[in-house]
Amino acid sequence: MRGDFVIIRSYGGLPLIRRIWDEDEKGVYITNDEQLEYLLSGKDALQPIGFPREDVFKYDPKFASTMENLYKNGEWDWNKLERLR
């Protein structure tokens, strides 16, 4: 699971593609590509941010490729994505 892409619902409902660092009963800890590389190599890195499971969705390349345009048009439908379990 570490390093897998996910789509998250960030503050304000903005959809973002990020990477999983870890998960536990509290939620899923998310980071970006750059910080993931730092974390994996043991370098100083920003700590991953925890998100509640209801705001983390399985990565879907189809939606990811159109995500920016859909969100700009206000047509983003979170129900079309599968939640991460």
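This note goes through a predicted model, point by point, from one helix and its surroundings to the pocket and the later part of the chain.

1. Helix H1 spans residues 33–41, and its buried residues are Gln-35, Leu-36 and Leu-39. These three cover an arc of only 105 degrees around the axis, which puts them on the same side of H1. The pattern agrees with a general property of such helices: an α-helix has 3.6 residues a turn, so residues three or four places apart point the same way. The cover over the buried residues of H1 includes strand S2 (15–23) and strand S3 (28–31).

2. Both ends of H1 deserve a look. At the N-terminal end, Asn-32 acts as the cap, with a side-chain oxygen 3.3 Å from the backbone nitrogen of Glu-34. After the helix comes Gly-42, and its phi is positive, near 85 degrees.

3. Leu-36, a residue of helix H1, has a relative accessible area of 4% and is therefore buried. Leaving out residues up to four places away in sequence, Leu-36 touches Gly-3, Arg-19, Ile-20, Trp-21 and Thr-31. Leu-36 and Leu-84 stand 48 residues apart in sequence, and their C-alpha atoms are 19 Å apart in space.

4. Thr-31 belongs to strand S3 and, because its relative accessibility is 6%, counts as buried. Its contacts, again without residues up to four places away in sequence, are Arg-18, Arg-19, Trp-21, Leu-36 and Leu-39. Two of the buried residues of H1, Leu-36 and Leu-39, are thus among the residues that Thr-31 touches.

5. Tyr-29 also lies in strand S3, but its relative accessibility is 22%, so Tyr-29 counts as partly exposed; the cut-off for buried is under 20%. Setting aside residues up to four places away in sequence, Tyr-29 touches Arg-19, Ile-20, Trp-21, Asp-22, Glu-23 and Asp-24, together with Pro-48, Ile-49 and Gly-50. Between Tyr-29 and Leu-81, which are 52 residues apart in sequence, the C-alpha to C-alpha separation is 19 Å.

6. The largest pocket holds about 170 Å³ of space. Its lining consists of Ile-8, Leu-16, Arg-18, Ile-30, Thr-31, Asn-32, Gln-35, Leu-46, Gln-47, Pro-48, Ile-49 and Phe-51. Strands S2, S3 and S4 (49–51) are the elements that give two or more residues to this lining. By residue class, the lining divides into seven nonpolar, four polar and one charged. Several residues discussed above return here, including Thr-31, Gln-35 and the capping residue Asn-32.

7. Asp-55 is placed in the loop between S4 and strand S5 (56–58). Is Asp-55 buried or exposed? With a relative accessibility of 17%, Asp-55 counts as buried, given that the term applies under 20%. Apart from neighbours within four places in sequence, Asp-55 is in contact with Ile-7, Ile-8, Arg-9 and Arg-83. One of these, Ile-8, also appears in the lining of the largest pocket.

8. Glu-82 sits in the segment after helix H2 (61–72). Glu-82 has a relative accessible area of 37% and is therefore partly exposed. When neighbours within four places in sequence are left aside, the contacts of Glu-82 are Phe-57 and Lys-58. The side chain of Glu-82 is also joined to that of Arg-85 by a polar contact of 3.4 Å. Glu-82 and Gly-27 are 55 residues apart in sequence, with 16 Å between their C-alpha atoms.

Methods
Residues are numbered from 1 along each chain as its sequence is written. This is a predicted model: local features need pLDDT of at least 70, side-chain atom pairs count only at pLDDT 80 or more; totals for chains, interfaces and linings use all residues. Side-chain values use heavy atoms; hydrogens and water are left out. Buried means under 20% relative accessible area, exposed over 50%, partly exposed in between (1.4 Å probe, protein chains only). Helices (H or I, at least four residues) and strands (E, at least two) are DSSP runs, numbered from the N terminus. The arc is that of the directions from the helix axis to the C-beta atoms. Contact means heavy atoms within 4.5 Å. A polar contact is a pair of N or O atoms within 3.5 Å; within protein, one must be able to donate a hydrogen and the other to accept it, and residues adjacent in sequence count only if both atoms are side-chain atoms. On a 1 Å grid over the protein atoms alone, a cavity is a set of points where a 1.4 Å probe fits but cannot get out, and a pocket is an open set with protein on both sides within 12 Å along at least five of seven lines; lining residues have an atom within 4 Å of a point. Grid points are joined across faces, edges and corners, and a volume is the space filled by probe spheres set on the points. Ala, Val, Leu, Ile, Met, Phe, Trp, Tyr, Cys and Pro count as nonpolar, Asp, Glu, Lys and Arg as charged, and the others, Gly among them, as polar.
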